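Me: I have a model open on my screen and would like to understand the terms used for it. Could you take me through them?

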Amino acid sequence: MNLNAIYSNSVTLLTSIEPQKKRLSIIAAATALLYAYISTKNSTKKYSKNQKEIPKPRFSYPIVGHLLSLGDEPDRTIATWHNELGPILQLQFGVLSWISISEPKLAHKLLTSLGSKSSFRYQPSFLGGHYSMNGKGLVFAQPDGSWKDSRAVALSLLSPKEIDKYTDMIYKESSIFVDTVLDSSIKNDGIVPFDYLDFYALNTVTNITFGKRFQSQQNPEYRTLCSIAKDVVLFGSVTNNLQDYLPVVSIVQYFCGTQSKMKKFIETKRNPIFQKLIEDASETEGINMVKTLDGKSFDLSDEEKVALISDIVIAGVDNISVVLSWNIIIMCHYPEVQKTASAEIDSFIRLNGRLPLFKERLQLPYCISVMKECMRYRPNSPFGGPRAVREDVELDGYLIPKGTIIVANLYGINHDPEFYHNPDMFIPERFMGNPSTMQAALNGSVENRDHFSFGWGRRKCPGAHLSEIEIFSTFISILAKCFIVPTDEGMPDIDRVAQVGFSNWPRKFKVKFTKRPDSLI
Ligand code: HEM
């Protein structure tokens, strides 16, 4: 989300209110602005003699702090501030203080070793309130509430033992994806892959969760789910939660009815479709996650169930689409890597007469190194899942005051020169000596991590195993059959990102999938 655009949006909001209300809101706004200014000034923390002050980048303005200095690629901007000022920074966004960390060991210490203090979530108003129905579910729940129960359920439902039951279905979805993009590339002289990837990722997660797949992108229920996922990102954006940063905006939002629109969206759009999908899933033939959940002795209320299932479906779509989008762009830029990976897949097919399964991945060390390097080289998210501390925390002599939001600058962390040699270069071979699954690396010591895109410690991503299977099956299905080439419009942009919600999408791009003449399948 372009933060400069946020400002112009709030100005647009102001100008759209009728004159009487406008006058009132301007008076109230001025009062709240003054209050915000005073509270920001007063919140300046006093440090003890042994404590170092956390560096603050210049480019901070009264009241808004760094909000207007981030540009349209905030993680990259913050990474350049880190290069100048070191691995820990304090940023001010209106009344909210953020700490950004850009070094793997420091992030590990704070987010894993000090996890009992740093595993609270930053809860933007919409996501912490309306979306999670006041802290239910998993992603935006706090660890001192019902989160523990929901987390245990999610870990059980997304465990390798459960997820492996869906392997055939995942491979089938990958194969449908490849056939569709091949066909459309021929018909249209190249394609924009986003919609096809969303269709793949949503069908995979609804198949697992509800035992339901959609035949077409025109299916009304599919379209509703897509629009809910997009609306959640929109309502959760900084623009719609600007009152968290600048309390003044809550008055503007009051007159615009923003909160009631959010409440209505959850009550009349999100909840009913999820309730229906959950009910239908219990009656559907075959396995699905809802049935597994019903069969186990978990004690979740109906609302907790809706919140958790909604979290799993929504968390399971964009992340996968973004990672696979980057895989496609990167492969297009590195034809030699494509050829080496395809040759490795072909060797397996020649011996076994079929595509490799995820459990046979050690027979494809080069391919798994390429997948790891893609996730390191272009992280799918700017900051992972933002955390917060509810008490003062000391980290290497720095004081992180109670109430601070903590983010990991994933671009900086995945490009740390002490951790990765030549971090700005795409070098799959760097992982040839680390063939463990990404999930195993996620659970291991910081030295053995491959990349940091699945988070840390108590709140690390419970969907990592499912993600790895989806990424593996799609990557090898594509390269066994296709070659990815640029269209006449040129090479896709590999450097710039479009930050939307919690994701770093590639900018819109077009590529061509061509059938490999020597393909063995
Ligand atoms: C490549 C794909 C994915 C990436 C990179 C990813 C990354 C992340 C990250 C960074 C977090 C926050 C971790 C933290 O705070 O330390 C997270 C949390 C979460 N992810 Fe994923 N994720 C992916 C796919 C999935 C999938 C497929 C699912 C489920 C189907 C899923 C479900 C969740 C849930 C429920 C949480 C919240 C956990 C909690 O707060 O306790 N994710 N993920």
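Reply: Happy to! Let's start with the metal: a donor is an N, O or S atom within 2.8 Å of it. Keep in mind that this is a predicted model.

Me: What makes Cys-461 a donor of the iron atom of the ligand?

Reply: The SG atom of Cys-461 lies at 2.3 Å from the iron. The cut-off is 2.8 Å and S atoms count, so SG qualifies as a donor. Cys-461 is the only protein donor of that iron atom, and its place in the chain is the loop between helix 21 (438-443) and helix 22.

Me: Why is the pair formed by Trp-147 and the ligand called a polar contact?

Reply: A polar side-chain atom of Trp-147 is 3.0 Å from an oxygen atom of the ligand. A polar contact needs N or O atoms within 3.5 Å, so this pair passes. Two arginines pass as well: Arg-387 has a side-chain N or O atom 2.8 Å from a ligand oxygen, and for Arg-459 the distance is 2.9 Å.

Me: Which residues are closest to the ligand, and how many surround it?

Reply: The ligand is surrounded by 26 residues, the closest being Arg-121, Arg-151, Arg-387, Arg-459 and Cys-461. By class, 13 are nonpolar, 9 polar and 4 charged. Helix 17 gives the largest share, 3 residues. At least two residues each come from helix 7 (147-157), helix 16 (302-315), helix 17 (318-333) and helix 22.

Me: What describes the packing of helix 17 and helix 22?

Reply: An angle and a distance: about 30 degrees, with the axes 11 Å apart. The crossing is right-handed. Helix 17 contributes Ile-320, Val-323, Leu-324, Asn-327, Ile-328 and Met-331, and helix 22 contributes Ser-467, Glu-470, Ile-471, Thr-474, Phe-475 and Ile-478. These divide into 8 nonpolar, 3 polar and 1 charged.

Me: How do you know that the contact of helix 19 with helix 22 has no polar and no charged residues?

Reply: Look at who meets whom. Cys-367, Ile-368, Val-370, Met-371 and Met-375 of helix 19 touch Ile-471, Phe-472 and Phe-475 of helix 22. Cys, Ile, Val, Met and Phe count as nonpolar, so the tally is 8 nonpolar and nothing else. Here the axes of helix 19 (residues 365-377) and helix 22 (residues 464-481) come within 11 Å and cross at roughly 115 degrees, again in a right-handed crossing.

Note on methods: Residues are numbered from 1 along each chain as its sequence is written. This is a predicted model: local features need pLDDT of at least 70, side-chain atom pairs count only at pLDDT 80 or more; totals for chains, interfaces and linings use all residues. Side-chain values use heavy atoms; hydrogens and water are left out. Axes are lines fitted to C-alpha atoms, for helices over the stretch in contact, and angles run from 0 to 180 degrees between N-to-C directions. Helices (H or I, at least four residues) and strands (E, at least two) are DSSP runs, numbered from the N terminus. A crossing is left-handed if the near helix is turned anticlockwise from the far one by less than a right angle, and right-handed if clockwise. Contact means heavy atoms within 4.5 Å. A residue is near a molecule or strand if one of its heavy atoms lies within 4 Å of it. A polar contact is a pair of N or O atoms within 3.5 Å; within protein, one must be able to donate a hydrogen and the other to accept it, and residues adjacent in sequence count only if both atoms are side-chain atoms. Donors are N, O and S atoms within 2.8 Å of the metal (3.2 Å for Na, K and Ca); water is not among the atoms, so sites may look incomplete.
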